[in-house]
Amino acid sequence: MNSDSQNDFDVVITGGGAVGATLALELERLGYRVAVIELRTPSFTSTNPERVIALNYGSRCHLDRLGLWPDVVSSGGGDIKHIVVTEPGNRGRVDLDVANSAHATPDMQELGYVVEMGKLLEPMYQRLQESSVELISPASVAGFDVLDQQVKIQVQREDQLFEITATLLVGADGTYSQIRFQAGIGVFGWDYNRFGIVASVACEHGHSETAYECFRSSGPLAFLPLADGRFSIVWAATPGEATQLLAMSDDQFIDALGKAAGETTMNQIGTITATSRRASFPLELTVAKTFATSRLALVGNAAHTVHPVAGQGMNLGLRDVAALVEMLDSELAHNDPGQSIMMQGYAETRRADVAAVAGFTESMVHVFGSNAPGVKWVRGMGLEKLPRAQKLSDLLLRQASGVGQLRSREIAA
Ligand SMILES: Cc1cc2nc3c(=O)[nH]c(=O)nc-3n(C[C@H](O)[C@H](O)[C@H](O)COP(=O)(O)OP(=O)(O)OC[C@H]3O[C@@H](n4cnc5c(N)ncnc54)[C@H](O)[C@@H]3O)c2cc1C
């Protein structure tokens, strides 16, 4: 349904994060005329601390199909070959390994990959520049009107206000999505009253390609292996704890981190020798009441923001992209990608996966977050028995690796 006018598009995507950029590249490949409106001027340089993301095997296959994966890994990524789950103060531990997963595919060597957000975005933007996708940035959507056959979108770029049209508008503009808000789509969810503290730390014994998940009663603490041998940590803390952690000297922070990680993890990684600066993010659960309405679809964090405990947010967003692309890959869709059957089909397809990941993440937060004596006892039993409880450990592996959500064509690719 291409139009001749420069300002008429098939699909306009608001938000050029990793989810929006991937969607733009895929839809352009299907022959759609696409524009991306991004608020910021893209920057790919490392931040301090590094903003990293753990991608599962399913996301790797997705990026591989687009030809992006070689560039993402060549700029440096850490492999996750093992995951160790511990609870400080509890004797039990769970060791997850790609070799003992019933879900592993023959060519699967790793459970996941840790990449810097800038290094993930850089090859995507390089490909966007080479493509016919119109990148409108720095800019935002001042308003939009949904009509019968199209959406009229008012774009604000510096002091310039102009109008473009699309048959489909996609909100990929993150947790506080303006598109979702302007469309009047409400959300379910809550604030966890926790902050995620992020930092990169060096340890005496390095990481041996192992990620550690330490479940403390005030929230989980994750150690993700970086390519340079350090760990990136995400530490869920109460507001009071977070304020203190941000205000501490490096030595005080290293000391507090070692205590929070617990004996089992510290025995493996050794003394923490250095830390980067620290940053913090509020942690919340937000799920849009619907993922699509008339001529409008939501993807990525604009549709759902989950607790980072299981590192699933980006993976879930990339699966939104796969579902929307699959929906729009037909002659019927090319006639009108925003038609209601497409939008309803997309919303329907995504509901079960998002509910499953939100539920799984919630259960991890709550089971490990409770101090009730019964729950604590069951939890201790669970951690000790988990290696033998194949079903439970498979469920964790399925989520961690993303294999359970891979489509057969991705596995075959
Ligand atoms: C501490 C922490 C750790 C995490 N770790 C992991 C992990 O290990 N693995 C994982 O899978 N997920 C993880 N996540 C979640 C992951 O970061 C998000 O799910 C993912 O970044 C969402 O991508 P997105 O493109 O949907 O949104 P974003 O990355 O938020 O991108 C949105 C884009 O929209 C732009 N934008 C915003 N407003 C507007 C506007 N009005 N107009 C135009 N553009 C706009 C922004 O500039 C941005 O470029 C973590 C999250 C946190 C907070």
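Trainee: What makes the strands in the order 3-7-4 a sheet, and is it open or closed?

Mentor: Three strands line up as 3-7-4 in an open, antiparallel sheet. Strands here are DSSP runs of E, at least two residues, and helices are runs of H or I, at least four, numbered from the N terminus. Two strands pair if DSSP finds at least two bridges between them. Strand 3 and strand 7 (residues 112–116) have five bridges, so they count as paired. By the way, this is a predicted model: local features need pLDDT of at least 70, side-chain atom pairs count only at pLDDT 80 or more, while totals for chains, interfaces and linings use all residues. Residues are numbered from 1 along each chain as its sequence is written.

Trainee: Why is one side of strand 3 and of strand 4 (77–80) left without a neighbour in the sheet?

Mentor: Both stand at the edges with a single partner strand each, so one side of each has no neighbour in the sheet.

Trainee: Which residue stands opposite alanine 54?

Mentor: Valine 114 in strand 7.

Trainee: How do you know which strands helix 2 (residues 57–65) packs on?

Mentor: Contact means C-beta atoms, placed from the backbone, within 7 Å. Helix 2 touches strand 3 and strand 7. Its direction makes about 90° with that of strand 3, taking axes as lines fitted to C-alpha atoms (for helices, over the stretch in contact) and angles from 0 to 180 degrees between N-to-C directions.

Trainee: And which helix gives the largest share of the shell around the ligand?

Mentor: Helix 8, with four residues.

Definitions and conventions:
Contact = placed C-beta atoms within 7 Å.
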